[in-house]
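I opened this notebook page to keep track of what I looked up in one structure, taking the chain as a whole before turning to its details.

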Amino acid sequence: MSATNDLLITNEQVLTALKRVIDPDFHKDLVTLGMIKNVVVTGTVVAFTVELTTPACPLKEEIERMCREEVGTIPGVSEIQIEMTAVVRANTGKGIPTQQALPGVKNIIAIASGKGGVGKSTVSANIACALAQMGAKVGLMDADIYGPSIPIIMGVEDRRPEVDEKKEKMLPIEQYGVKIISMGFLQPGGSAVIWRGPMVAKAVQQFLRDVEWGEIDYLIVDLPPGTGDAQLTLAQAIPLSGAVVIMTPQDLAAAVAVKAVAMFRRLEVPILGIVENMSYFLCPTCNSRHHVFSHGGGQQAAEALDVPFFGAIPLALEIGSEADEGTPSVVASPNGPYAKVFREVAERIAQAVSIGARTFVPLAMSK
Ligand SMILES: Nc1ncnc2c1ncn2[C@@H]1O[C@H](COP(=O)(O)OP(=O)(O)OP(=O)(O)O)[C@@H](O)[C@H]1O
Ligand SMILES: [Mg+2]
């Protein structure tokens, strides 16, 4: 070893330095949080791994920079090698008996809305693809039994899931790194389903359990719109970690978003946050934002309901047409402005799931 004794760098020194790095979300240091792995000191070179709770962590670069800065204060260090990895932790939500949870599936996130046509399916597909692109293991379940549109948006409408005869399980269809299952796969010809209440709940539970999901970090569930009986039973049938409510900027939509939030609170499903869709028009030529509708509805609704606001997605012809063609924007134009917005929203959702920062109103208080 070439370093002299007083320059000898120890693992303890490295850990002491990293104890000064506070995770902005968890408000504790990385060592205490168990996020530092494999510290190896070779002469003056320090190497270690930072294990985040999601590959979609929006603070990844900042955390790496802070680690570099603190370890850099140790005298004699010539080089710092940091490997950033992630292991998603399971969050099965409050009040979900473990036997009801899906084996292998760590987090189930419902995408919901108070009314139809707000872009739930479009947002679900883009979020799922964005999380997969960032390295997460993602599933996408189309639970919209009345109008399944995920197969079209994901470009798999002509495919059917294969069946593992031995296990008697359905294998999800893989597209863009996402495992997809749709209630639409079960009803060729698109005949309208007229299941009601408990039947829906039973069918969906059975359906979920009959799928061989494998290992999934995030299962995104596109729920049918509205807050009626069917939606209620459906939301109850799936062991959700939390729900994301999509709304459009109009005041009217805000009122329906409030209804959707109230429904999940009644069911004791944590509300992860609100996404505003078709929020503003991003001019393709001048790249400036034009607010077609009244502005800030999503943000205001989120504040009033005391839930996080995950961001606003612009109204853009491409978002609609790319989805119609079976390639969500994050896949069709990964370097475009819309992909960037969807990625940011996906990161915030993953972050909220990681933190478990969930608004939870006990049953007795929700009415
Ligand atoms: N940000 C956007 N900009 C432009 N068009 C969009 C945007 N988001 C969604 N759309 C379009 O709006 C229509 C409704 O979207 P989508 O089907 O995703 O909504 P939904 O809430 O799932 O509807 P439903 O209630 O019928 O399930 C689609 O034609 C879609 O392509
Ligand atoms: Mg839909």
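The entries below go from the overall fold to a helix pair, the ligand shell and two backbone angles.

**Entry 1, the chain.** I note at the outset that this is a predicted model, and I read every value with that in mind. I looked up the secondary structure and found 12 helices and 15 strands in the chain. Of its 367 residues, 46% count as buried. I then turned to the contacts between residues at least 6 apart in sequence, and 77% of these join residues at least 24 apart.

**Entry 2, a helix pair.** I picked helix 1 (residues 11–18) and helix 2 (residues 60–71), which pack with their axes 8 Å apart and at an angle of about 130 degrees. Because of that angle, helix 1 is oblique to helix 2; I checked this against the cut-off, by which an angle has to be over 145 degrees to count as roughly antiparallel. The crossing of helix 1 past helix 2 is right-handed. Which residues meet where helix 1 and helix 2 are in contact? From helix 1 I listed V14, A17 and L18, and from helix 2 their counterparts C67, E70 and V71. Sorted by class, this contact holds five nonpolar residues, one charged residue and no polar ones.

**Entry 3, the shell around ligand 1.** I looked up the 21 residues around ligand 1 and noted that G116, G119, K120, T122 and G320 come nearest. Helix 3 (120–133) and helix 9 (317–324) each supply at least two residues of this shell, and the largest share, four residues, comes from helix 9. By class, I recorded 10 polar, eight nonpolar and three charged residues in the shell around ligand 1.

**Entry 4, positive phi.** I went looking for unusual backbone angles, since most residues other than glycine have a negative phi. N38 has a positive phi, near 50 degrees, and is not a glycine; M278 is likewise not a glycine and has a positive phi of about 55 degrees. As for their settings, N38 lies in strand 1 (residues 36–42), whereas M278 sits in the loop between strand 12 (271–276) and strand 13 (281–282).

**Entry 5, their surroundings.** Is N38 buried or exposed? I found 11 C-beta neighbours inside 10 Å of N38, so N38 counts as exposed. M278, by contrast, counts as buried because 24 C-beta neighbours lie inside 10 Å.

Terms used:
Residues are numbered from 1 along each chain as its sequence is written. Chains are lettered from A and ligands numbered from 1 in the order in which they are written. This is a predicted model: local features need pLDDT of at least 70, side-chain atom pairs count only at pLDDT 80 or more; totals for chains, interfaces and linings use all residues. A residue is buried if 20 or more other C-beta atoms lie within 10 Å of its own, exposed if 12 or fewer, and partly exposed in between; C-beta atoms are placed from the backbone. A residue is near a molecule or strand if its C-beta atom, placed from the backbone, lies within 6 Å of it. Ala, Val, Leu, Ile, Met, Phe, Trp, Tyr, Cys and Pro count as nonpolar, Asp, Glu, Lys and Arg as charged, and the others, Gly among them, as polar. Two residues are in contact if their C-beta atoms, placed from the backbone, lie within 7 Å. Axes are lines fitted to C-alpha atoms, for helices over the stretch in contact, and angles run from 0 to 180 degrees between N-to-C directions. Angles under 35 degrees count as roughly parallel, over 145 as roughly antiparallel, 65 to 115 as roughly perpendicular and the rest as oblique. A crossing is left-handed if the near helix is turned anticlockwise from the far one by less than a right angle, and right-handed if clockwise.
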